[in-house]
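Work through the exercises below with the sequence and the model at hand. Each task is followed by a solution in steps.

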Amino acid sequence: MAVLSRRVRPDDWKPVGVEALEANALKVVRSTDNRSVIAGPGAGKTELLAQRAAYLLQTGAAPAPRRILAISFKRDAATNLAARVRQRCHRNHAGRFDSMTFDAFAKGLVDRFGQALPERWRPRPDYDIMFPNDRDYRDFLYQTVGTPPASVGTYADLQAIAVKTFERRHLVGSPLPVDGWSQPTPGQWAADRFWQTTLHEGKKSILSFPMIGRLAELLLRVNPMARDALRLTYSHLFMDEFQDTTQIQYDLVRTIYLDTDTVVTAVGDNKQQIMRWAMAMDDPFTAFDADFGGKRTPLYNNYRSSPELVRIQHVLAQALDARAVAPVSKTAGTIAGDSCAIWDFSTPEVEADRLAAFVAGEMKTHKLGPRDFVLLVRQKTIDYAAVLEPAFAAAGIPLRNEAGTAGAVMLQELLAEEASELVIAILRLAMTKRAGRYWTDCQGVLAALRGVAPDEEDAQAKLACELDAYAIKLTAAHPRPPKSKAVARSIVDDILAFIDRERLIAVHPAYGQGGWLDKVLDAAAVHLLASSAGGIDWSSTLDAYEGVHAIPLMTIHKSKGLEYHSVIFVGLDDGAWWSFSNDQIEATAGFFVAFTRAKQRVIFTYCARRGARSKIATLYSLLEKAGVRTFSIT
Ligand SMILES: Nc1ncnc2c1ncn2[C@@H]1O[C@H](COP(=O)(O)OP(=O)(O)OP(=O)(O)O)[C@@H](O)[C@H]1O
């Protein structure tokens, strides 16, 4: 795909890398006002943001030196969007596009400006991150917090605070008051005790990400210079998966960008809201339209799924939103028989064998790779992996549990980490043949880290020589993949020293905090060693590291935003969906997310040994209503 470095006139601009955009998408791409785009799965919402970035950067509608900020919820979504923009834009342009997660954005602000917070809210600079759960809050409320002063309430008042809602309602429920609460309720008093304890009373401050979000909002409220700097830096703000926005994130964005000249584009799909347990707002789009004057713009196409799958999706969509409009599939169907079916197995072992044989057969017949398939489960991937993995291995397809861990990091997270990506790109460049693509990637990233502009020819040439010399040295030092953890770690550390650890931390402040960079490097070493098992060569080791030849197994939550030729959902039963009756809408939304990852085929599996199907009968009725058939396989 040819990407342009010269300026394009807005009237001459054409979508990059796709044939066309639907009329409304094009309007949003060219818009100069705040927009909310609510559209179904596969409508091209993420693509729209990538195209809008290309338009704004290539036409100069986002004028240099101002930048575009894209905030996503998940690290891989942020990485995915940045990669799409890099594909569609010349690197001179893509360099002005910052894609990050909300958590990274908020943390970056606290790390840079947190020491200017008022004393009572100021964390110590080397704070640690915590992920508190209900038990921690229960211990705090019932044991640690003590008794409030009589003017606030009684111990019984504290006991009356529901543990489950303490965080959401009290701890981070609303923006922090600069001077503390003057006449606190028992809930506010307990929240303040929690804040003061975690900020000031331990050896280090410890903060959760929601707390970091609240501190970031406060610091921008009390520090107009920092806030104005953000306003000046970013002419445009994109928010992907906006349906999952929390009140904390929304307040942060509102504090920075409400009533400013920064143009905000929010895209998402209410039917895919599966983060309510993680404090997602009830209806962030309505709040956005009211506060920011967002002009709502729907999209009608589905570019991902075949007409038959889109027809079934619409039956599910209507269960979540009776007013859902039927989308138009723009993809041809390629499956001869049923595009969707329920396979009812006698035992999990039979299920594993048949699925492995099926995938192997499909790969041959349709010339598909293992990453055209995904095995989805609702939770506890490890339990399913124990039965599925041997069967797939026997069929010659490695299975990879993306929720598994390497060291202290989840595999899926590790692979989206910049440090891991860089280490692997340099190893590919040094250790494998035909590494041209990695050459360009490595050179681009190193240039960015060292502040060398694309048009500084001498400096670029010097960098190329350095990279060349380093690759030769690395090949000579490690002709074979590592056989011990110590060697794996020394390879990773050597590459980091070449990249320049301090510069990496300067560009990615998250690496400077709480030992995160070392956790990632340790995980990379552990995973590199595991990937080289069996005395294989470098190329196969690096393929194994990235899971190039493995079929992924993951939870629905981790599959958000991704797409596959075939989705195999293992275990449509009450056991997996044990909490179905607690929040039917969210559970149905999860089911919808799983279904809509498929381009051509969805298979649900059931096995009575794992559970009944009475509690989730509504899901089965929806499939039946859509004409999905069940096949018994013994
Ligand atoms: N205008 C277009 N023309 C052709 N293909 C497109 C177009 N827009 C998007 N696509 C392709 O359709 C697929 C879905 O797009 P995208 O991931 O942007 O959808 P989405 O709305 O963000 O989906 P979801 O909400 O389900 O994650 C991708 O493979 C993308 O490359």
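**Exercise 1.** In this predicted model, find which residue of β18 stands opposite V570, and say how the strands β17 and β18 pair.

Solution. Step 1: V570 faces T605 in β18. Step 2: strand β17 covers residues 564–570 and pairs with β18 in the parallel sense. Step 3: this pairing runs over 6 bridges.

**Exercise 2.** Identify the bridge partners in β18 of I342 and F345, then describe the pairing of strand β11 with β18.

Solution. Step 1: the bridge partner of I342 in β18 is F604. Step 2: for F345, the partner in β18 is C607. Step 3: strand β11 (residues 340–345) pairs with β18 over 6 bridges, in the parallel sense.

**Exercise 3.** Decide which helix joins β17 and β18 in a β-α-β unit, and give the hand of that unit.

Solution. Step 1: the helix is α26, residues 584–595. Step 2: together, β17, α26 and β18 make a right-handed unit.

**Exercise 4.** Place β18 in its sheet and determine whether the residues of this strand are buried or exposed.

Solution. Step 1: the sheet is open, has 7 strands, and follows the order β13-β16-β12-β17-β18-β11-β19, with parallel pairing. Step 2: the edge strands are β13 (399–401) and β19 (629–633), each of which pairs on one side only. Step 3: from one strand to the next, the twist averages 25°. Step 4: a residue counts as buried if 20 or more other C-beta atoms lie within 10 Å of its own. Step 5: in β18 (residues 598–607), 10 of the 10 residues are buried, so the strand is largely enclosed by the rest of the structure.

**Exercise 5.** List the domains of the protein and work out why the ligand lies between two of them.

Solution. Step 1: the domain assignment gives domain 1 (10–100 + 218–299), domain 2 (109–215), domain 3 (307–398 + 549–633) and domain 4 (409–546). Step 2: the C-alpha centres of domain 2 and domain 4 are 40 Å apart. Step 3: the ligand is surrounded by 18 residues, and the closest are P41, G44, K45, E47 and Y303. Step 4: the shell divides into 6 nonpolar, 6 polar and 6 charged residues. Step 5: domain 1 and domain 3 both give residues to this shell, so the ligand lies between them.

Key: Residues numbered from 1 in each chain as written. Predicted model: local features only at pLDDT ≥ 70, side-chain atom pairs only at ≥ 80, totals over all residues. Near = placed C-beta within 6 Å. Nonpolar A, V, L, I, M, F, W, Y, C, P; charged D, E, K, R; others polar. Domains from an automatic or database assignment. Buried ≥ 20, exposed ≤ 12 C-beta atoms within 10 Å, placed from the backbone. Helix = DSSP H or I, 4+ residues; strand = E, 2+ residues; numbered from the N terminus. Pairing = 2+ DSSP bridges. Right-handed = clockwise from strand over helix to strand, strands pointing away. Axes fitted to C-alpha atoms, helices over the stretch in contact; angles between N-to-C directions.
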